[in-house]
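Subject: Structure handover

Hello,

Here is the structure I promised to pass on. Please open it alongside this note.

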Amino acid sequence: IKHSSTLLLKLVQTIDRMAQPNPSSASSPDKYAQLREAMEIHIEENLYDENKLQPLEDYVNKQVAGEALYDFDSNAYLMKMYSLYPSKAKRDIVVKLLLKALMNLPESDFTSLIYMIPITMQSKVVDQAPKQASATSSSSASASTSATGGSSAKEIEVILNLGQYLEDCEFELFWKEYGAHGKLFGKFKNFEFEIRRYICQMVQAVYQTISLSFLSELLQLDNDKDLKSFIQKVDLAWTVNADGNEVTIPKTDENSNEVQRATQFISTDSMNQILATFSF
């Protein structure tokens with residue numbers, strides 16, 4: 001009986017240990033939420049304190065490495081602090097903030113951050129639309145580097161050019177500029193995927209069908225296998241036709257010329273109030 005009681009006690013203790021949550025096995029969503037909440041608390045407790053930016057900068061690095069989810073609110077606050085206290089701004093962090101926002105197109109995050117770039121890092125050509133070829137923009141970037149101090153100034157200018165190309169749907173120019181500065185994006189997880197996702201969203205706003213060859217050119221995916229794999233991963237409900245030469249895109253309000261009709265109901269009391277305002 002004593003031996004049976006001992007076994008039963010050990011069994012109960014084992015079940016209790018299994019039932020207790022293990023902090024090290026917390027799910028990723030919980031970790032991401034905890035990080036975000038910690039940053040919100042840090043900002044609230046140290047609002048506009050220019051000496052308390054290190055945790056926010058570390059948070060940006062975690063977003064780049066994929067250890068935290070993209071957090072525009074925290075990033076925008078950090079960029080705002082950089083604009084208020086330019087001496088505290090770190091060029092590499094500014095570059096990361098801009099690129100993470102670029103990966104979130106078509107949201108307006110990138111445009112919002114542009115206007116908060118610290119004045120000490122603003123290039124002379126920030127206000128110029130990058131309509132020239134990649135070689136021209138590269139040479140002007142080199143000229144501005146000496147004026148703004150260091151290669152990061154050139155990097156910021158390159159990012160601004162890339163953002164303008166994407167927003168103008170000048171995808172050929174984007175890929176050309178991107179290819180010329182590939183080292184800048186190596187640390188950013190899924191950068192190319194997010195840019196291609198944005199391009200697909202722009203395509204979907206215009207087309208209901210598109211040839212696979214043209215889509216391949218827009219996305220810079222020459223291999224059919226890679227292209228079809230990407231179409232599946234981006235999960236926009238696109239389908240490749242049986243002949244493998246064309247992609248069918250679902251109808252949307254943007255890519256369809258069908259008249260959208262809406263029915264609105266109004267109560268009798270509201271109608272009486274409206275009619276009372278007219279004089280017959």
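What follows covers the sheet and then the salt bridges. Keep in mind that this is a predicted model.

The sheet

There is an open sheet of three strands. The strand order is S1-S3-S2, and the pairing is antiparallel. Strand S1 (209-211) and strand S2 (239-240) are the edge strands, each pairing on one side only. Three antiparallel bridges join S1 to strand S3 (residues 246-248). For a landmark in the register, look at Ser211: Glu246 in S3 stands opposite.

Helix H11 (residues 212-219) packs on this sheet. H11 touches S1 and S3. The direction of H11 makes about 80° with that of S1.

The salt bridges

How many salt bridges does the structure hold? There are four. Three of them are described here, among them two that link separate elements.

Start with Asp71 and Arg36. Their side chains meet at 3.2 Å, N to O. Asp71 sits in the loop between helix H3 (54-65) and helix H4 (72-84). Arg36 belongs to helix H2 (residues 28-45). The two are 35 residues apart, so the pair links distant parts of the chain. Is Asp71 buried or exposed? Asp71 is buried, at a relative accessible area of 3%. Arg36 is partly exposed, at 30%.

Next, Lys90 and Glu57. This salt bridge has its closest N and O atoms 2.9 Å apart. Lys90 is in the loop between H4 and helix H5 (91-102), while Glu57 is in helix H3, so the pair ties together parts that are 33 residues apart in sequence. Lys90 is partly exposed, with a relative accessible area of 33%. Glu57 is buried, at 4%.

Last, Arg197 and Glu194. Their side chains form a salt bridge at 2.6 Å, N to O. What separates these two along the chain? Both lie in helix H10 (residues 191-204), three residues apart, which means about one helical turn between them. Arg197 has 17% relative accessibility; buried means under 20%, so Arg197 counts as buried. Glu194, at 21%, is partly exposed.

To recap the burial pattern: the acidic residue is the buried partner in Asp71–Arg36 and in Lys90–Glu57. In Arg197–Glu194, the arginine is the buried partner.

Best wishes

Terms used
Residues numbered from 1 in each chain as written. Predicted model: local features only at pLDDT ≥ 70, side-chain atom pairs only at ≥ 80, totals over all residues. Heavy atoms only, no water. Pairing = 2+ DSSP bridges. Helix = DSSP H or I, 4+ residues; strand = E, 2+ residues; numbered from the N terminus. Contact = heavy atoms within 4.5 Å. Axes fitted to C-alpha atoms, helices over the stretch in contact; angles between N-to-C directions. Buried < 20%, exposed > 50% of the residue type's maximum accessible area, 1.4 Å probe, protein only.
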